[in-house]
Amino acid sequence: MQIWVDADACPKAIKEILFRAAERMAITTTLVANQFVQTPPSRHIRLLQVTLGFDRADNEIVKRMNAGDLVITGDIPLAHEVIGKGGHAINPRGERYTPDNIKERLNMRDFNDTLRASGINTGGPSALNARDIQSFANQLDRFLAQQR
C-alpha cells in the first residue's frame, strides 16, 4: 500500500501529518504536484512533479496508483476515479470517500457547479481549522491501523 497526495491544494498542516505518518509507518508517500513542493529528506517521501495543465496531477495519480492505495485529495472527481480503481480516498478535512458516499458527493459537487455557472453564489468551503486537522489525523490513523 502506498499513499498518494494531490499536493497542489493540500494544506501544509495535512502534509506535515502525512510526513510523520510516512516515517512512523514506513509507508511510501508520493506527493504529486505541478509545482515544486518542499518535502523533508526521507526514503519514504517522494515528490512527483508533473507539467502544468488541467488535471495533470490527478491523471498521474490515477495512472500510477494500485488497488488498495490511499489517495489524499479534496477533488471529488479524482476520489471517484480512485474508488473505481479499488483505492481509498480521504479529504484534507478527514472525510473518507467510500463506494457508498462518493456518488452523492459527486452529484452535489456537480449541482453546485451548475448553480455557480448560473450566477448563483454557493460559496466555497470554509477555511481549514484545528478540528478539521484533528479529524484528518484521526481518520488517517484509523485507516492505517486497519491496513496493518
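In these legends, a residue is called buried when its relative accessible area is under 20%. The model shown is predicted.

**Panel A. The whole chain, for orientation.** The protein chain holds five helices and six strands. Read from the N terminus, the elements go β-α-β-β-α-β-α-β-β-α-α. The radius of gyration is 15 Å, close to the 15 Å that the globule rule gives for 148 residues, so the chain is as compact as a globular protein of that length. If you want a scale for the close-ups, the C-alpha trace spans about 50 × 35 × 30 Å along its principal axes. Of the 148 residues, 41% count as buried. The chain exposes about 8300 Å², and carbon and sulfur atoms supply 50% of that area. Look at contacts between residues at least 6 apart in sequence, and 49% of them join residues at least 24 apart.

**Panel B. The six-stranded sheet, with helices α2 and α5 packed on it.** The sheet is open, its strands run in the order β3-β2-β1-β4-β5-β6, and the pairing is mixed. Which strands stand at the edges? They are β3 (45-49) and β6 (96-97); each has a single partner strand, so one side of each is left without a neighbour in the sheet. Helix α2 (residues 56-64) packs on the sheet, where it touches β1 (3-6), β2, β3 and β4 (70-72). The direction of α2 makes about 170° with that of β1. Helix α5 (residues 130-147) packs on the sheet too, touching β1, β4, β5 (88-90) and β6. For α5, the angle to the direction of β5 is about 160°.

**Panel C. Strand β2 and its two pairings.** With β3, strand β2 (residues 29-33) pairs in the parallel sense over five bridges. With β1, the pairing is parallel as well, over four bridges. To find your place along the β1 pairing, look for isoleucine 3, which stands opposite threonine 29 in β2. Is β2 enclosed or open to the outside? Five of the five residues of β2 are buried, so the strand is largely enclosed by the rest of the structure. Thr29, Leu31 and Ala33 point one way, Thr30 and Val32 point the other way, and all are buried.

**Panel D. Leucine 31, in strand β2.** This leucine 31 counts as buried, at 1% relative accessibility. Leucine 47 in β3 stands opposite leucine 31. Arginine 46 sits 15 residues from leucine 31 in sequence, and the two are 6.2 Å apart in space, C-alpha to C-alpha. Leaving out residues up to four places away in sequence, the residues that leucine 31 touches include Val5, Ala7, Lys15, Phe19, Val37 and Leu48.

**Panel E. Valine 5, in strand β1.** At 1% relative accessibility, valine 5 counts as buried. Leucine 70 is 65 residues away along the chain, yet the C-alpha atoms of valine 5 and leucine 70 are separated by 8.5 Å. Not counting residues up to four places away in sequence, valine 5 touches Cys10, Leu18, Thr29, Thr30, Leu31, Val32, Ile61 and Ile72.

**Panel F. Two nonpolar cores.** The largest core has 24 residues, and those with the most contacts inside it are Ile3, Val5, Leu18, Ile72, Phe136, Leu140 and Leu144. Two or more residues each come from β1, α1 (12-25), β2, β4 and α5. Which element gives the most? That's α1, with seven residues. A second core, separate from the largest, has 18 residues, among them Ile61, Ala79, Ala89 and Leu106. Back in the largest core, leucine 18 is in contact with Ile3, Val5, Ile72, Phe136 and Leu140, leaving aside its neighbours within four places in sequence.

**Panel G. The buried residues of helix α2.** What do you find on the list of buried residues in α2? They are Ala57, Asp58, Glu60, Ile61 and Val62. These buried residues pack against β1, β2, β3, β4 and α3 (76-84).

**Panel H. Histidine 44, in the loop between β2 and β3.** Is histidine 44 buried or exposed? Histidine 44 is buried, with a relative accessible area of 10%. Setting aside residues up to four places away in sequence, histidine 44 touches Ala22, Glu23, Ala26, Ile27, Thr28 and Thr29.

How values were computed. Residues numbered from 1 in each chain as written. Predicted model: local features only at pLDDT ≥ 70, side-chain atom pairs only at ≥ 80, totals over all residues. Heavy atoms only, no water. Pairing = 2+ DSSP bridges. Contact = heavy atoms within 4.5 Å. Axes fitted to C-alpha atoms, helices over the stretch in contact; angles between N-to-C directions. Core = buried A, V, L, I, M, F, W, Y, C linked by side-chain atoms within 4.5 Å. Buried < 20%, exposed > 50% of the residue type's maximum accessible area, 1.4 Å probe, protein only. Rg over C-alpha atoms; globule rule 2.2 N^0.38 Å. Areas by Shrake-Rupley, 256 points an atom, 1.4 Å probe, with all protein chains shown as cover.
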